[in-house]
Amino acid sequence: MRKLPSITALQAFESAARLGSFTRAAEELNLAQSAISRQVRGLEDHLGARLFDLIRQRIVLTQAGRSFVEEVRPVLANLRVSCARVSAHADGVQIIEMATLPTFCSRWLIPRLPDYYAQNRRASISFTSKFDPFSFDAEPFDLAIHFGKPDWPDATMHHLFDERMVAICSPSFRQKHQIRSDKDLSAAPLLHLSLRRTAWPDWCEQLSLPTANAFRGRLYDQFSMLTEAAAAGLGAALVPDLFVEEELRTGKLVIASQSAIESDSGYYLAIPNNRPTAPAVESLRDWLLAQAESATTIRTPASV
């Protein structure tokens, strides 16, 4: 078997490629710049290919370098995860690697974690934000949260709940714009999620209301931003009810309409089929399903 390059050389190459500088890579890895240069040159000699070109005193990845760094990064990431997992197991801690949607994690999952950790004191969940399905073969995750259809390849999909979009706003916004009906709401300043631009037009159409104003308003790329903007009185927003439980409970936000949008997509837990499911992952799966079943999301909005 051909001898593999050293981890030090791969780290030096990846850092220099990411930062675009041997000097900055040296600072990141706490090495001398000459050591970074030496490691990269040795790696190029080992591979028989140039990884960087020097253009106007700046290092630039060659085509071979661009291809190689995309291969090296997941290898180093997996190695870091494996090292952390082994170190944690040495103390009896079970590390669970979970890919999740950021707003789902911050708004629904994290507030419920004290209950999970109270029942599973030797477990530790490591969260990474992922928006789209990926190959479990290429990523070091034990399970993932998915929004959409139950169509993740090579994974068992467990349904958590469907999505229901409710109209919310701050109490002061409702009073300022005198929102007493759906018609009043449709004419008020509206806030939009950039990936759900048709949410307000769909809401208006199902109520046979004019849609001209439904296309206007400020854009946000995450539900967490949208929720904070609504709480600040910048407009009314359509958000999944499960993401605003706390704000509705405390009165920071109020339901602005009896009408909601029932989505044809849902939230699912994906677990890979190509490997044995660890007991810690099974325990987390069962806990998540139980939490989803008993979740007290706002399904019957109060009257405006």
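Is Arg56 buried or exposed? Hold on to that one for a moment, everyone, and hello. What you have in front of you is a predicted model, and I'd like to walk you through it.

Back to the opening question. Arg56 has a relative accessibility of 80%, so it counts as exposed. You'll find Arg56 in the loop between β1, residues 52–55, and β2, residues 58–61. Its phi is near 55°, which is a positive value in a residue other than glycine. Gln57 sits in the loop between β1 and β2 too. Here phi is near 65°, again positive in a residue that isn't glycine. And with a relative accessible area of 72%, Gln57 is exposed. A bit of background on those angles: most residues other than glycine have a negative phi.

Now let's step back to the whole chain. It holds 12 helices and 10 strands. How spread out is the chain? Its radius of gyration is 25 Å, while the globule rule gives 19 Å for 304 residues, so the chain is more spread out than a compact globule. Along the principal axes, the C-alpha trace spans about 75 × 50 × 30 Å. Of the 304 residues, 44% count as buried. If you take contacts between residues at least 6 apart in sequence, 72% of them join residues at least 24 apart. The exposed surface comes to about 16100 Å², with carbon and sulfur atoms supplying 51% of it. As for charge, there are 33 positive and 34 negative side chains, and the centres of the two sets lie 7 Å apart.

Next, please find helix α3, residues 33–47. Its 15 residues should span 21 Å at 1.5 Å a residue, and the end C-alpha atoms are indeed 21 Å apart. Which residues of α3 are buried? They are Ala35, Ile36, Ser37, Val40, Leu43 and Glu44. It helps to recall that an α-helix has 3.6 residues a turn, so residues three or four places apart point the same way. Right after α3 comes Gly48, with a positive phi near 70°.

Two of those α3 residues bring us to my last stop, Leu10, in helix α1, residues 7–19. Leu10 counts as buried because its relative accessibility is 10%, under the 20% cut-off. What does Leu10 touch, leaving aside neighbours within four places in sequence? Its contacts are Pro5, Leu43, Phe68, Val72 and Leu76. Glu44 is 34 residues away from Leu10 along the chain, yet their C-alpha atoms are separated by 11 Å.

Thanks for listening!

Technical notes:
Residues are numbered from 1 along each chain as its sequence is written. Side-chain values use heavy atoms; hydrogens and water are left out. Helices (H or I, at least four residues) and strands (E, at least two) are DSSP runs, numbered from the N terminus. The expected span of a helix is 1.5 Å times one less than its number of residues. Buried means under 20% relative accessible area, exposed over 50%, partly exposed in between (1.4 Å probe, protein chains only). The radius of gyration is taken over C-alpha atoms; the globule rule is 2.2 Å times the number of residues to the power 0.38. Contact means heavy atoms within 4.5 Å. Accessible areas come from the Shrake-Rupley method with a 1.4 Å probe; for residues, only the protein chains shown count as cover. Lys and Arg count as positive and Asp and Glu as negative; His and the chain ends are not counted. The place of a charge is taken as NZ of Lys, CZ of Arg, CG of Asp or CD of Glu.
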